[in-house]
Amino acid sequence: MARILTGIQSTGIPHLGNILGAVRPAIRMADEGSNEAFIFIADLHSLTTIKNAEERIHNVHAVAATWLAFGLDTERHTFYRQSDIREIGEFTWYMSCFTPYPMLANAHSFKDKSDRLSDVNAGLFNYPVLMASDIMMYDADYVPVGKDQLQHLEITRDIGQAFNRQVGETLVIPEAKVQENTKLVPGIDGQKMSKSYGNAINIFESDKALRKRVMKIVTDSKDVDEPKDPDTCNVFAIYKLLASPEQESALRDRYIKGGMGYGHAKQELYELICSSFEKERARYAELMANPEQIEQELKKGADKARIVGREVIGRVRSKLGYVGAGA
Ligand code: TRP
């Protein structure tokens, strides 16, 4: 049985792009065949940028509630919060001593962030070592990643191979599973939906706020009577991602015929979002109102993850000669 593992950033409430591009495909992949998935919320990585405790807790809960609302099976899989397994800090130290300094200094994502951010801390620099530890402390075989994370996977493999070469076969060397066909979800301005572009649609907002957001989608200024091109319209692009083939072709016809304003198309989209995610929005609201339920789920996951993590770190300690009473 293969173990797939993935870490989720906890820097904000997951938006429609995250849900269609990451959450749903990951849940589908986890449930395929006889896979067993470890899915965790990377709240230690979030410390590189977020220092506020309430914000961190809120983000973790929002991410956890999203995955739970979308039906992640926490009996079959292991769903946990990174910081709940304290051994990860120790493991990261061991890994860092097998990591060549220049490899981190040359990592794209570090260079990019250190050019962009005002707070360039050593955590940002060590980010890939913590990520390598996230993966190898749980003996993961496969890590589904977007292209932007491929270099981090190469770094992980390099660290693992250096460790195995220098102290003997110990760590499972993971393989990246590149997600090629992830859906590109446009934001309200037509660019890729991203929190940092300020163009995201948050489906968990109230009906009123959600509708207001959908009404802000950028369109051209054709008036009601004119025929419109669905294939260049941001409203239609998002509609298409959620619609059945019948719904899609019905709205397409109305664009082409003319006589329908963009306000109307937006209303259709708003209603489709509400009906598509009715269950998930209700479940999310229920969980966010009962954070102890979320904590219970995370504790269940941490208890399972810890067993594996302790076994692997035990192997590493004994290979390195850390065999004292504290081990
Ligand atoms: N760096 C990943 C991202 O930005 C999140 C992450 C942290 C991760 N640790 C991981 C992903 C381990 C996969 C495996 O999306």
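**Two domains and a ligand site**

Between domain 1 and domain 2 there are zero salt bridges, a salt bridge being a side-chain nitrogen of Lys or Arg within 4 Å of a carboxyl oxygen of Asp or Glu. The model is predicted, so local features need pLDDT of at least 70 and side-chain atom pairs count only at pLDDT 80 or more, while totals for chains, interfaces and linings use all residues. Residues are numbered from 1 along each chain as its sequence is written, and side-chain values use heavy atoms, with hydrogens and water left out.

The two parts themselves come from a domain assignment, automatic or from a database, which gives domain 1 as 3-184 + 291-320 and domain 2 as 204-276. Their C-alpha centres lie 37 Å apart. Where the domains touch, nine residues of domain 1 are in contact with four residues of domain 2, contact meaning heavy atoms within 4.5 Å.

How much area is buried between domain 1 and domain 2? The value is about 500 Å², and carbon and sulfur atoms give 84% of it; buried area here is the accessible area (1.4 Å probe) that two parts lose on being put together, summed over both. Of the area that domain 1 buries against domain 2, L16, L20 and K183 supply 56%, more than any other three residues.

Polar contacts can be searched for in the region between the domains as well, and there the count is zero residue pairs (both at pLDDT 80 or more). Such a contact is a pair of N or O atoms within 3.5 Å; within protein, one must be able to donate a hydrogen and the other to accept it, and residues adjacent in sequence count only if both atoms are side-chain atoms.

The ligand has surroundings that include F40, H45 and M131, each with a heavy atom within 4 Å of the ligand. A polar side-chain atom of Q9 lies 2.6 Å from an oxygen atom of the ligand, whereas Y127 places a polar side-chain atom 2.8 Å from a ligand nitrogen atom, and a polar side-chain atom of D134 also lies 2.8 Å from a nitrogen atom of the ligand.

Across the whole structure, a search finds 21 salt bridges.
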